[in-house]
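The following paragraphs lead the reader through one protein model, from its overall form to individual residues. Please keep the sequence and the structure in view while reading.

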Amino acid sequence: MDHSRVPVLEALEEFRRRGDVVFGPPGHKQGRGVDPRVADIVGLDVFRSDVLSLNGLDDRRQSQNVLGQAQELMADAVGAERAFFSTCGSSLSVKTAMLAVAGPGEKLLLSRNAHKSVIAAVVVNGVEPIWVHPKFDAGRHLVHPPEPDDVRRSLQEHPDAKGMLLITPTDWGTCADVAGVARVCHEYDVPLIVDEAWGAHLPFHPGLPAWGMDAEADLVVTSVHKMGGAIEQSSVFHLQYDRVSPEVLKQREDLLGTTSASSLVYATLDGWRRQMVEHGHDLLDAALHRAERIRSAVGDLPGLRPMGGEVVEEGFAAAFDPLKMVIDVRELGISGMQAAEWLRANRQVDVGGSDTCRISASLTHADDDETEKVLLDALRALVEGADSIEKQPPVRLPEPSSLELEQAMLPREAFFAPVEHVPVERSAGRIAAEMISPYPPGVPVVAPGEVITDEVMDYLRSGVEHGVLIPDAADPSLKTLRVVARD
């Protein structure tokens with residue numbers, strides 16, 4: 001296919017050349033009505049390019065098939081049979097993918113290290129989750145994706161499951177054996193969905209971990225805004241084989257997705273695909289060499305421990321994305337959250353993630369010598385200034401097995417059940433009616449329907465005292481919990 005073509009961008013360029021005057025949404029009328037104070041910050045061109053797909057980029061019959069052409073080019077670029085653009089981010093795309101495979105009351109295997117959007121999908125879709133627990137790395141206090149044998153055991157116990165959802169790469173860059181999990185799923189003739197939100201760049205360089213489509217996954221969801229070059233909320237479904245119907249997927253997306261799709265998302269997805277096909281290998285090659293330099297330099301700084309290929313050599317993960325700069329800071333006597341806050345306040349550097357043990361910085365094709373220097377200078381300053389950071393109460397990290405909570409009710413039933421609020425001191429043994437997710441990375445420690453334990457609440461409460469954010473709990477201070485009411 002001719003990858004110099006960018007159908008959405010070409011249609012937008014033609015729209016602006018014609019100078020169409022629109023008497024429909026958006027109400028700002030391509031910037032005519034925008035407050036100049038907003039335009040001064042955001043830029044007027046953002047509004048000029050904010051156009052409806054229907055009666056804007058295309059007519060109401062979609063006779064030019066602008067979006068369809070762009071999606072065909074995307075599928076060809078990454079080796080998928082079909083591709084569908086989504087403007088609501090992978091949080092909604094994952095919900096759609098799950099609903100396309102399993103309906104209310106049906107079983108779906110899910111990796112328990114899933115983002116809160118996956119748990120939300122379980123509540124919305126009404127599926128019965130069969131949790132496949134991740135591999136715990138006690139030394140790093142980190143979880144890595146489950147292995148093929150873990151999936152096989154779950155399918156043997158639940159042969160009526162409709163499929164498997166695997167999260168890879170994780171927020172921290174560790175990757176699953178996607179091909180191995182796919183083989184297991186296909187032995188049972190069920191589809192493998194891969195939540196590859198952090199992996200949009202993977203198809204475009206052989207030095208990166210395996211891309212889900214190449215590893216024989218059936219349906220892969222990517223967030224191009226995370227590691228690619230499209231704007232926020234840019235997401236793509238990639239589909240192959242016949243285990244997931246494209247018609248069903250499209251209808252489920254239509255059920256959940258917006259009817260006012262953003263031309264900005266479509267246009268930037270289209271342009272990013274062209275850039276990657278034409279220049280992606282060279283751009284990512286430079287990024288990989290940059291990451292190698294930065295990792296080596298960070299490893300020479302006292303108190304900082306960057307994670308790399310050793311996590312694969314130790315058998316915890318099948319692969320590791322080297323563009324994820326994951327740095328353990330515990331030897332500095334501070335937490336990752338404290339390091340992240342110090343870097344922002346003192347060096348104006350915003351890292352991509354942090355937890356009790358580490359920080360992470362995502363490197364992409366957009367980084368250059370200047371951003372490399374900024375990051376390294378900031379980390380050197382952190383090492384020098386760590387002693388001045390006020391010590392916080394430590395987070396009491398639980399044993400890994402304590403995080404595998406009993407599922408006593410289906411998440412949907414617990415979420416919509418009659419509830420009561422109880423003091424955290426009296427919550428052990430009760431069934432949670434809400435999600436409790438330290439953020440970032442936003443993986444629920446407690447999901448609706450799980451039985452609360454003292455160990456987990458001690459961990460979460462100590463996290464709150466340390467400064468961990470719990471944005472989804474009814475009481476973010478965790479003095480009380482929302483639990484299923486007793487008869």
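In what follows, two residues are in contact when they have heavy atoms within 4.5 Å. The model under discussion is a predicted one.

The overall form comes first. The secondary structure of the protein consists of 16 helices and 17 strands. Its radius of gyration is 23 Å, close to the 23 Å expected from the globule rule for 487 residues, so the protein is as compact as a globular protein of that length. The C-alpha trace extends over about 65 × 55 × 45 Å along the principal axes. Of the 487 residues, 55% are buried. Among contacts with a separation of 6 or more, 71% are between residues 24 or more positions apart. The surface that the protein exposes comes to about 21,000 Å², and carbon and sulfur atoms contribute 49% of this area.

Helix H6 offers an example of an enclosed element. This helix covers residues 116–125, and seven of its ten residues are buried, so H6 is largely enclosed by the rest of the structure. The buried residues in question are Ser-117, Val-118, Ile-119, Ala-121, Val-122, Val-123 and Asn-125. Against which elements do the buried residues of H6 pack? Their partners include two helices, H5 (89–101) and H15 (411–416). Strands S2 (107–111), S3 (128–132), S6 and S8 are also packed against by these buried residues. After H6 comes Gly-126, which has a positive phi near 80 degrees.

A further packing arrangement joins two helices. Two packed helices are described by the angle between their axes and the distance between the axes. Helix H4 (residues 66–78) and helix H11 (residues 263–299) pack at about 35 degrees, and their axes lie 10 Å apart. The crossing of H4 past H11 is left-handed. H4 contributes Leu-67, Ala-70, Leu-73, Met-74 and Ala-77 to the contact, while H11 contributes Tyr-266, Leu-269, Asp-270, Trp-272, Arg-273 and Val-277. Sorted by class, the residues of this contact are nine nonpolar and two charged, with no polar residue.

Helix H11 also contains Ala-297. With a relative accessible area of 22%, Ala-297 is partly exposed. Its C-alpha atom is separated by 9.8 Å from that of Arg-380, although the two residues are 83 residues apart along the chain.

The backbone has several features that merit individual inspection. In the loop between helix H1 (7–18) and helix H2 (36–42) lies Pro-26. Pro-25 and Pro-26 are joined by a cis peptide bond with omega of about -5 degrees. The loop between H1 and H2 also holds Gln-30. The phi of Gln-30 is positive, near 55 degrees, in a residue other than glycine. Is Gln-30 buried or exposed? Gln-30 is buried, its relative accessible area being 11%.

A second cis peptide bond runs from Thr-168 to Pro-169, with omega near -5 degrees. Pro-169 belongs to the loop between strand S6 (164–167) and strand S7 (174–175). Asp-189, in turn, is located in the loop between helix H8 (178–187) and strand S8 (192–195). Asp-189 has a positive phi near 55 degrees and is a residue other than glycine. The relative accessible area of Asp-189 is 57%, and the residue is exposed.

Two buried residues complete the account. Ala-176 occupies the loop between S7 and H8. It is buried, with a relative accessible area of 10%. Apart from residues up to four places away in sequence, Ala-176 touches Pro-145, Pro-146, Leu-166, Thr-168 and Ala-318. Among these is Thr-168, the residue from which the cis bond to Pro-169 runs. Ala-176 and Phe-320 lie 144 residues apart in sequence, yet their C-alpha atoms are 9.0 Å apart in space.

Ser-360 is part of strand S15 (residues 358–362). Where is the cut-off that decides its class? A residue is buried when its relative accessible area is under 20%. Ser-360 is at 2% relative accessibility, and therefore counts as buried. Leaving aside residues up to four places away in sequence, Ser-360 touches Trp-172, Met-325, Val-326, Val-351, Gly-352 and Gly-353.

Technical notes
Residues numbered from 1 in each chain as written. Predicted model: local features only at pLDDT ≥ 70, side-chain atom pairs only at ≥ 80, totals over all residues. Heavy atoms only, no water. Axes fitted to C-alpha atoms, helices over the stretch in contact; angles between N-to-C directions. Helix = DSSP H or I, 4+ residues; strand = E, 2+ residues; numbered from the N terminus. Left-handed = near helix turned anticlockwise from the far one by under 90°. Nonpolar A, V, L, I, M, F, W, Y, C, P; charged D, E, K, R; others polar. Rg over C-alpha atoms; globule rule 2.2 N^0.38 Å. Buried < 20%, exposed > 50% of the residue type's maximum accessible area, 1.4 Å probe, protein only. Areas by Shrake-Rupley, 256 points an atom, 1.4 Å probe, with all protein chains shown as cover.
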